[in-house]
Amino acid sequence: MSEAFSLVKKPLAGLSRGANSFLLFRQFAEPLPPPPSPSAAAAAVAADRSMSFSKMPLVEANQTPDASSLSLDSERTLYPYVTGTSVVAFKYRDGILMAADMGGSYGSTLRYKTVERIKPIGKHSLLGASGEISDFQEILRYLDELILYDNMWDDGNSLGPKEVHNYLTRVMYNRRNKFNPLWNSLVLGGVKNGQKYLGMVSMIGVNFEDNHVATGFGNHLARPILRDEWNEDLSFEDGVKLLEKCMRVLLYRDRSAVNKLQIAKITEEGATLFPPYSLKTFWGFEAYKNPTVGAEGSW
């Protein structure tokens, strides 16, 4: 029996009988070639390296490389494109109230007027977002997968607002560490087993819980109002009036806000999103009619 035949006469593990028979026939018909000498192997490696380097584009010392000649492994979000502004939320007697307008700004242009930025998450949570709309859609996709995986266990348990908020803090901080953040500030509220929960998380993972939270301009203009007028025993009607007061101030002062408001609530029974509507506003102030009076020399 030849040396080639003796090398492969035992069947190889993981191959079928037909594959082993074909391999045995081929090795018997075609003797194994001798291994290359060390010098020949080194020459082949050197030739392969020279060919690979010869395929690279040549760039002179004083020449800027063309973008088409460079391969970018990944790209990062450098700035947001379509964004939403403030979200305001607080606890009230029966659960959580949340409000946001429906504007979507393309840069400084109010391009879209029907963007919903409040979404129910699972059975017990309500999510509001300001910032990049496409990143918010990506976060919703993450949460859909999370809720689906949780429901597949079919064990009678479901994720509460605290668990969803903790998940979002890890997602935002993880993307921040990759220098590719999701360009959003998120408000997460909910009720489970009679316990009200309200928290927020920023685009770099900074997070906290509170009785009332706001994002964007609302953090500067709405929260002072809430500190003065909020209490946890607010009824639904009084809570809506307080939300409208906050959103009216934001409409007057925030150029990215639009007069189309959506309010949502979540209680032990579940989440409810109300149809959008417009606020009553007044623009007849004297300072609006003649804004340059007393400021001679200005535009």
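**View 1. Packing of helix 4 in the predicted model.** The buried residues of helix 4 pack against five elements: strand 1 (82-84), strand 6 (118-121), strand 7 (125-132), helix 5 (161-177) and strand 8 (184-192). Those buried residues are Ile-133, Asp-135, Phe-136, Ile-139, Leu-140, Tyr-142, Leu-143, Leu-146, Ile-147 and Asp-150. They lie on the same side of helix 4, because the arc they cover around the axis is only 165 degrees.

**View 2. The length, outer face and end of helix 4.** Helix 4 spans residues 133-152, which is 20 residues. From its first C-alpha to its last, helix 4 reaches 29 Å, close to the 28 Å expected at 1.5 Å a residue. On the face turned away from the buried side, the exposed residues are Gln-137, Asp-144, Leu-148, Tyr-149 and Met-152. Asp-154 follows helix 4 and has a positive phi, near 50 degrees.

**View 3. A nonpolar patch on the surface.** Four residues make up this patch: Leu-78, Tyr-79, Tyr-81 and Tyr-106. Together they have about 510 Å² of accessible area. Leu-78 sits in the loop between helix 3 (38-54) and strand 1. With a relative accessible area of 66%, Leu-78 counts as exposed, because this value is over 50%.

**View 4. The surroundings of Ala-89 in strand 2.** Strand 2 comprises residues 87-91 and includes Ala-89. The relative accessible area of Ala-89 is 0%, so this residue is buried, the cut-off being under 20%. When neighbours within four places in sequence are left aside, Ala-89 is in contact with Leu-97, Met-98, Val-187, Leu-198, His-212 and Val-213. Ala-89 and Thr-215 are 126 residues apart in sequence, yet their C-alpha atoms are 9.3 Å apart in space.

**View 5. The whole protein, as context for the close-up views.** The protein contains 9 helices and 13 strands. Of its 299 residues, 36% are buried. Among contacts between residues at least 6 apart in sequence, 62% join residues at least 24 apart. The protein exposes about 19,000 Å², and carbon and sulfur atoms supply 56% of that area. Within this whole, helix 4 has a buried side and an opposite face with exposed residues such as Gln-137, while Ala-89 is buried in strand 2 and Leu-78 is exposed as part of the nonpolar patch.

Notes. Residues are numbered from 1 along each chain as its sequence is written. This is a predicted model: local features need pLDDT of at least 70, side-chain atom pairs count only at pLDDT 80 or more; totals for chains, interfaces and linings use all residues. Side-chain values use heavy atoms; hydrogens and water are left out. Helices (H or I, at least four residues) and strands (E, at least two) are DSSP runs, numbered from the N terminus. Buried means under 20% relative accessible area, exposed over 50%, partly exposed in between (1.4 Å probe, protein chains only). Contact means heavy atoms within 4.5 Å. Accessible areas come from the Shrake-Rupley method with a 1.4 Å probe; for residues, only the protein chains shown count as cover. The expected span of a helix is 1.5 Å times one less than its number of residues. The arc is that of the directions from the helix axis to the C-beta atoms. Patches are made of residues with over 30% relative accessible area and no salt bridge: like charges are joined within 9 Å, nonpolar side chains (Val, Leu, Ile, Met, Phe, Trp, Tyr) within 5 Å. A salt bridge is a side-chain nitrogen of Lys or Arg within 4 Å of a carboxyl oxygen of Asp or Glu.
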